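Please examine the protein chain shown below. The report that follows describes a selection of its strands, helices and loops.

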Amino acid sequence: MYAYKYVFSLEINEPTSEYNPDDYDSPWKIALDNYLEEFIDFYFPKISQLIDWSVEPKSLDNELQAVVKDSELGKNRADKLVEVTLKTGNKRLLNIHIEVQSQQDASFERRMFTYFYRIFDKYGEMPLSLAVLADTSPNWQPSSYRQQQITSEINFNFASVKLLNYEPLLEELKNTNNAFALLTAAHLITKRTKHQ
């Protein structure tokens with residue numbers, strides 16, 4: 001069976017002070033390290049159905065950082081690159097980006113595209129790009145990056161989920177066994193009590 005490269009990029013905003021009572025980043029890092037399958041099952045179930053979870057994913061963090069880490073991407077850090085196996089045996093790249101911040105980011109779509117083309121350039125395969133948005137702006141739900149210049153055009157689409165959209169399901173999320181349903185509930189509750 002062929003290996004399936006699963007690219008996991010986690011963006012972290014640097015705290016403004018040494019003490020940060022609203023630490024959203026650490027729980028995500030810990031959960032991603034320990035519950036990768038549950039992450040995909042919860043947010044992107046159709047993708048999860050394609051993966052053979054009986055084969056343990058292999059971490060390739062350094063390879064991803066080498067692809068996307070430079071001054072143009074600023075503070076962005078790509079935290080996860082794992083190799084998983086598809087049930088079909090086909091080899092593909094999957095780029096997962098988590099935006100953990102309290103406001104929308106005008107450069108997000110471009111950054112998603114930058115990750116996409118750098119991964120494509122490095123591996124020679126088109127990655128499937130997915131995003132999880134943890135901000136509090138209900139109208140900000142990016143899913144594409146478009147540019148046009150005379151005869152050249154970029155039209156890049158990516159799938160995204162918005163944690164805020166899970167707010168009506170909060171009670172249900174709190175009573176589930178999926179780690180990311182619980183993390184989503186905790187994130188939403190923490191956002192309600194920001195700075196408390």
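## An enclosed strand

Strand β5, which covers residues 127–133, has six of its seven residues buried, so the rest of the structure largely encloses this strand. The model described here is a predicted one. A residue counts as buried when its relative accessible area is under 20%.

Strand β5 is joined to strand β8 (residues 159–162) by four bridges, and the two strands run parallel. Within this pairing, Val132 stands opposite Val161 of β8.

## The chain as a whole

The secondary structure of the protein chain consists of seven helices and eight strands. Of its 196 residues, 46% are buried. Among the contacts in the chain with a separation of 6 or more, 75% are between residues 24 or more positions apart.

## A hairpin and its turn

Strand β6 (residues 144–149) pairs with strand β7 (residues 152–157) through six bridges, in the antiparallel sense. One of the residues involved is Gln148, whose bridge partner in β7 is Glu153. The two strands form a hairpin, with two residues between them.

Which residue in the turn has a positive phi? The residue is Ile150, with a phi of about 55°, although it is not a glycine. Most residues other than glycine have a negative phi. Ile150 is located in the loop between β6 and β7. Its relative accessible area is 74%, so Ile150 is exposed; the cut-off for this class is over 50%.

## Two sides of helix α4

Helix α4 spans residues 61–68, and its buried residues are Leu64, Val67 and Val68. Because these residues cover an arc of only 80° around the axis, they are on the same side of α4. A general property of helices is relevant here: an α-helix has 3.6 residues a turn, so residues three or four places apart point the same way. The exposed residues Asn62 and Ala66 are carried on the face of α4 that is turned away from the buried side.

Leu64 also provides a reference point for a residue elsewhere in the chain. Lys122 and Leu64 are 58 residues apart along the chain, and their C-alpha atoms are separated by 9.6 Å. Lys122 belongs to helix α5, which comprises residues 108–123. With a relative accessibility of 53%, Lys122 counts as exposed, whereas Leu64 is among the buried residues of α4.

## Helices α2 and α7

How are the axes of helix α2 and helix α7 placed with respect to each other? Helix α2 (residues 36–43) packs against α7 at an angle of about 70°, and the axes are 7 Å apart. The angle makes α2 roughly perpendicular to α7, because angles from 65 to 115 degrees are placed in that class.

On the α2 side, the residues of this contact are Glu38, Phe39, Phe42 and Tyr43, and they meet Ala179, Phe180, Ala181 and Thr184 of α7. By type, the contact residues comprise six nonpolar, one polar and one charged.

## A buried loop residue

Asn178 occupies a place in the loop between α6 (170–174) and α7 (179–192). Is this residue buried or exposed? Asn178 has a relative accessible area of 14%, and therefore it is buried.

When neighbours within four places in sequence are set aside, Asn178 is in contact with Glu38, Asp41 and Phe42. Of these, Glu38 and Phe42 also appear among the residues of α2 that meet α7.

Methods: Residues are numbered from 1 along each chain as its sequence is written. This is a predicted model: local features need pLDDT of at least 70, side-chain atom pairs count only at pLDDT 80 or more; totals for chains, interfaces and linings use all residues. Side-chain values use heavy atoms; hydrogens and water are left out. Two strands pair if DSSP finds at least two bridges between them. Buried means under 20% relative accessible area, exposed over 50%, partly exposed in between (1.4 Å probe, protein chains only). Contact means heavy atoms within 4.5 Å. The arc is that of the directions from the helix axis to the C-beta atoms. Axes are lines fitted to C-alpha atoms, for helices over the stretch in contact, and angles run from 0 to 180 degrees between N-to-C directions. Angles under 35 degrees count as roughly parallel, over 145 as roughly antiparallel, 65 to 115 as roughly perpendicular and the rest as oblique. Ala, Val, Leu, Ile, Met, Phe, Trp, Tyr, Cys and Pro count as nonpolar, Asp, Glu, Lys and Arg as charged, and the others, Gly among them, as polar.
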